[in-house]
Amino acid sequence: MGQYVAPIRDMQFVLHEFLKVEDELKALPDYSEVDADIINQVLEEGGKFTAGVLFPLNHSGDREGCKHDAATHTVTTPKGFKEAYKQYVEGGWAALACDPEYGGQGLPVVLNNSFYEMLNSANQAWTMYPGLSHGAYECLKEHGTAQQKEVYLPKLVSGEWTGTMCLTEPHCGTDLGMLRSKAIPQDDGSWKITGNKIFISAGEHDMSENILHLVLARVPDAPEGSKGISLFLVPKYLPKEDGSVGERNPITCGAIEEKMGIHGNSTCQMNLDGAKGWIIGQPNKGLNAMFVFMNAARLGVGMQSLGLTEVAYQNAVIYAKDRIQMRSLTGPKNPEQPADPIIVHADVRRMLLTGRAYAEGARAFTSYVALQIDRELHHPDEDVRKEAADEVALLTPIVKAFITDNAWIATSEAMQVFGGHGYIAEWGMEQYVRDARINLIYEGTNTIQSLDLLGRKILGDNGAKLRKFGEKIKSFVEENGLDENLSEFITPLGELGDKVTKLTMEIGMKAFQNADEVGAAAVPYLRVVGHLVYSYFFAQMAKIALEKQDSTDTFYKAKLATARFYFARLQPETATLIRQARSGSANLMALDADLF
Ligand SMILES: Cc1cc2nc3c(=O)[nH]c(=O)nc-3n(C[C@H](O)[C@H](O)[C@H](O)COP(=O)(O)OP(=O)(O)OC[C@H]3O[C@@H](n4cnc5c(N)ncnc54)[C@H](O)[C@@H]3O)c2cc1C
């Protein structure tokens, strides 16, 4: 069922040559010992684990799916998932980027990021079990009490226990202000929680000893709307004094959803029937605490889509070199065979290069953001930490929406390379398309990400964060603008930067008159800014590749060709997107709802 080889050479290029992480990490005292050898070793071992253990379970997990037993409220994951998780825990993978204070290995987020790409390429559905634990770890670490941290963090770090996020209810997904789950205070300081949650990923399963649910609910007399939401820690089994699992808590799985993709992951309806929980942070400030989890998860969803883009691309390349159909338009390339391999055809190459460029762009982008997170959390200078935090805030919705939209395009193109053989299950390509689709929806739909970017992150601070990021692009353009060899990259980058500035101001002005202008422009606007970010990164990578064109390592020729393809074929869609974003709200709002 296809194959997966971790793209270690490109990861090393991004980490060592593009981001120069070793130097960057030297400025962070907690990571000053992390050198290229450690990084390369983790990449190698991660590649072996993901390709050897998880990838073989991807297709079988999809076919088999999870099984729910209504009598016992238990969920059985597909064959092999549990054993693979045991290997993951024993290998210390769960602890990779966690704090040594809680048993973690204390390695940087930027390295964990590469490992997560591999995990997701190998098996997105499986990766969601430990992936959610990581968000729960981040949230508890930042907002938990000392006692909560002591009891729960070591278990999450080791991977013995997993985590979930319980936000969605049947009547509210995007609009969490409407949620109804209730929490009543108890004399012992705990809370009794009642409610129904739906669509809870990894809500019940057989892979870990205990599951820690992070649940949003309302306390008595809470204000209406999102200002009246609190966050609770609700374990499946109540921990005993000695840290072992005790009594079963009444938070149970009533059913699992039948769905389009990620069949190996259990999507659970969770019933809380007076479950015991403990508040995280302050009453009515739950969304604030949950945002730590949500932001981690948004970046995680971007990584899911990068993983799928890469693995779909790899398999499409293998097929395109092997499958023979028709002759090249410029004459036979393979005269001893009755036809040429389809990789000779220009449009097959367009499809392959689309996947390649979106994978390489996303790898550079997410690694950059991950490094900014390391700086935000560990740089000794407060100003640097604040600047990094602002950039992460600005870029997070772009990671979530741009990468997932691109993966939907790229996996579909990769499937198309297979012709009819892509549509049938045998080759595994249709699974990548199905799995990729959810990434545009959960963790805040891509529309909501676009509104967050344009409304909150950009117009909400009068463009300050965007301007700051834009200054980096401007300096790069100024420094390299006179280099003729680079003009094919620098000119379109500089022009797009100017266009984004103008477009942002125009939408901002229109929004003063009519708030619908923001909603009407947000989705194409995010895509335009996504392309600005990719143009910036591809231009920098092309510069490095150009300097190495005399090298015997053909990697640099391929990198340059990919950057050229990106600027020639993908980035130009910004012209249409800008027209769409400028077209205003009238063409959307004029039609009366009853005329639809
Ligand atoms: C497989 C799967 C796994 C999931 N895992 C989890 C999980 O682990 N935990 C959890 O809590 N939830 C989870 N979810 C829920 C998921 O996060 C929600 O489905 C998602 O946030 C959207 O909410 P909704 O489905 O209620 O859609 P709605 O909120 O009803 O939205 C419907 C449509 O309206 C649009 N819309 C809504 N408001 C606006 C607006 N202001 N402007 C423009 N458009 C708007 C949306 O973009 C969407 O297109 C999961 C869902 C699925 C399918």
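Helices (H or I, at least four residues) and strands (E, at least two) are taken here as DSSP runs, numbered from the N terminus. The structure is a predicted model, in which local features need pLDDT of at least 70 and side-chain atom pairs count only at pLDDT 80 or more, while totals for chains, interfaces and linings use all residues. Residues are numbered from 1 along each chain as its sequence is written, and side-chain values use heavy atoms, with hydrogens and water left out.

**Annotated spans**

Three domain annotations from UniProt, each from an unreviewed entry, are set out below; their positions follow the numbering used here, the feature names are shortened, and annotations may be inferred rather than shown by experiment.

| UniProt domain | Residues | Helix | Strand | Distance between end C-alpha atoms |
|---|---|---|---|---|
| Acyl-CoA oxidase/dehydrogenase middle | 165–273 | 0% | 47% | 17 Å |
| Acyl-CoA dehydrogenase/oxidase C-terminal | 284–451 | 74% | 0% | 24 Å |
| Acetyl-CoA dehydrogenase-like C-terminal | 471–592 | 81% | 0% | 43 Å |

**The ligand and its surroundings**

The shell around the ligand, in which a residue counts if one of its heavy atoms lies within 4 Å, holds 19 residues, of which M165, T168, T174, F199 and T445 come nearest. Strand β5 (191–201) and helix α13 (446–458) each supply at least two residues of this shell. By class the shell has 9 nonpolar, 8 polar and 2 charged residues, where Ala, Val, Leu, Ile, Met, Phe, Trp, Tyr, Cys and Pro count as nonpolar, Asp, Glu, Lys and Arg as charged, and the others, Gly among them, as polar.

Polar contacts are pairs of N or O atoms within 3.5 Å; within protein, one atom must be able to donate a hydrogen and the other to accept it, and residues adjacent in sequence count only if both atoms are side-chain atoms. A backbone N or O atom of M165 lies 2.8 Å from a nitrogen atom of the ligand, a polar backbone atom of F199 is 2.7 Å from a ligand nitrogen, and S201 places a polar side-chain atom 2.8 Å from a nitrogen atom of the ligand. The protein covers 63% of the 980 Å² of accessible area that the ligand has on its own, as computed by the Shrake-Rupley method with a 1.4 Å probe.

F199, which is found in strand β5, has a positive phi of about 60° although it is not a glycine. N284, in the loop between β11 (267–280) and α8 (286–322), is likewise a residue other than glycine with a positive phi, near 65°.

**Helix α10**

Helix α10 (residues 382–417) has 36 residues and reaches 50 Å from its first C-alpha to its last, close to the 52 Å expected at 1.5 Å a residue, the expected span being 1.5 Å times one less than the number of residues. At its N-terminal end α10 is capped by D381, a side-chain oxygen of which lies 2.8 Å from the backbone nitrogen of D383. A kink of about 35° lies at L395, shortly before the proline P397; the bend at a residue is the angle between axes fitted to the seven residues ending there and the seven starting there. Just after α10, G419 takes a positive phi of about 55°.
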